[in-house]
Amino acid sequence: MLNYNKFYTCAVFSVFLLVFLPVDWVNGEEEGAPVEACVEMKPGHGNESQALSSSPFKTEIPAGNYVLKGENVKLELRATNNLIPFKGFLVMAFDEKDGTKPIGTFTVPSDGKLINCTEGFENAATHKWHNDKQLVAVEWIPPTSEYTGTVVFRTTYVQSFTVYWVKTESIAVSVVAEIPTTVKPTTTTPSSASQSSSMWASLVTISLLAFLK
């Protein structure tokens, strides 16, 4: 009878674990956005995104608007307010001409992992744990070494279970064969202001000489 009671107790406890504990915990798997979130980039928490408020998080591109073809693009997922960290994220790259399918691949983020979206391979980066984050660094690799085009990075940031921003966009980054040179203003011709000043100085000098005579 004693053995039967022990067996019954263990069975009930096992059912309790399967029903009430999170699936990730039971399976011993890491957290992060599932592949089901790839299309809409929503966490699936059942709440609406913060569409009416600006995101306190942004995806920065240190290189700016231009990157040479064949080079990786470095991204920095940042919290703009040190008092408000984010816990989760999902980032993908899209060609400006086609916003339906992510392109390229990512390297493993400093605080995250990679997933395969829409029949791609490691073309999305997401968080690994729900710890507070102020900065996550990740690199995007173009689809080919010869790829040229304009890319926009879309990132969903999760601040809490009910507060998140979906598909926030980075600046547009052009992958080019040659970085365009900045046109410097010419210095050979004096400005109209300096010409006017010189003219008035000459008139004053002439007037003084005439008065002294």
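This is a short tour of a predicted model, going from the whole chain to single residues.

**The whole chain**

Start with everything in cartoon view. The protein chain holds three helices and eleven strands. Follow the cartoon from the N terminus and the elements come in the order α-α-β-β-β-β-β-β-β-β-β-β-β-α. Switch on a surface, and you are looking at about 14,100 Å² of exposed area, with 59% of it supplied by carbon and sulfur atoms. Of the 213 residues, 29% count as buried. If you like to draw contacts, take those between residues at least 6 apart in sequence: 66% of them join residues at least 24 apart.

**Strand β4**

Now select residues 88-95, which make up strand β4. How many of its eight residues are buried? The count is eight of eight, so color the strand by accessibility and see the cover, which extends to both faces because the residues on each side are under the 20% cut-off for buried. On one side sit Gly88, Leu90, Met92 and Phe94, and on the other Phe89, Val91, Ala93 and Asp95.

Next, bring in the partners of β4. Eight bridges join β4 to β9, and the two run antiparallel. Strand β7, residues 124-126, is also antiparallel to β4 and is joined to it by two bridges. For a landmark on the β7 side, pick valine 91, which stands opposite alanine 125. On the β9 side, pick leucine 90, which faces threonine 156.

**Threonine 156**

Stay on threonine 156 and show its side chain. The residue belongs to strand β9, residues 149-158. Is threonine 156 buried or exposed? Its relative accessibility is 3%, so it counts as buried. Draw a distance from its side chain to the backbone oxygen of methionine 41, and you should read 2.7 Å. Sequence neighbours within four places aside, threonine 156 is in contact with Met41, Gly88, Phe89, Leu90, Trp165, Val166 and Lys167.

**The four-stranded sheet**

Move on to another group of strands: β1, β3, β8 and β5. They form an open sheet in the order β1-β3-β8-β5, with antiparallel pairing. Which strands stand at the edges? They are β1 (57-60) and β5 (105-106); each has a single partner strand, so one side of each has no neighbour in the sheet. Zoom in on the β5 end, where β5 and β8 pair over two bridges in the antiparallel sense. Phenylalanine 106 and tryptophan 140 of β8 stand opposite each other there.

**Isoleucine 141**

From tryptophan 140, step along to isoleucine 141, also in strand β8 (residues 135-141). Isoleucine 141 has a relative accessible area of 29%, so it is classed as partly exposed. Show what surrounds this residue: beyond its neighbours within four places in sequence, it is in contact with Asn72, Gly104, Thr105 and Thr107. Then add asparagine 123, which is 18 residues away in sequence and 9.1 Å away in space, C-alpha to C-alpha.

**A nonpolar patch**

Finish on the surface by selecting Tyr66, Leu68 and Ile179. Together they form a nonpolar patch with about 230 Å² of accessible area. Isoleucine 179 lies in the loop between β11 (173-176) and α3 (192-212). With 35% relative accessibility, isoleucine 179 counts as partly exposed.

How values were computed
Residues numbered from 1 in each chain as written. Predicted model: local features only at pLDDT ≥ 70, side-chain atom pairs only at ≥ 80, totals over all residues. Heavy atoms only, no water. Buried < 20%, exposed > 50% of the residue type's maximum accessible area, 1.4 Å probe, protein only. Contact = heavy atoms within 4.5 Å. Polar contact = N/O pair within 3.5 Å; in protein donor to acceptor, adjacent residues only side chain to side chain. Patch = residues over 30% accessible without salt bridge, like charges linked within 9 Å, V, L, I, M, F, W, Y side chains within 5 Å. Areas by Shrake-Rupley, 256 points an atom, 1.4 Å probe, with all protein chains shown as cover. Salt bridge = Lys/Arg side-chain N within 4 Å of Asp/Glu carboxyl O. Pairing = 2+ DSSP bridges.
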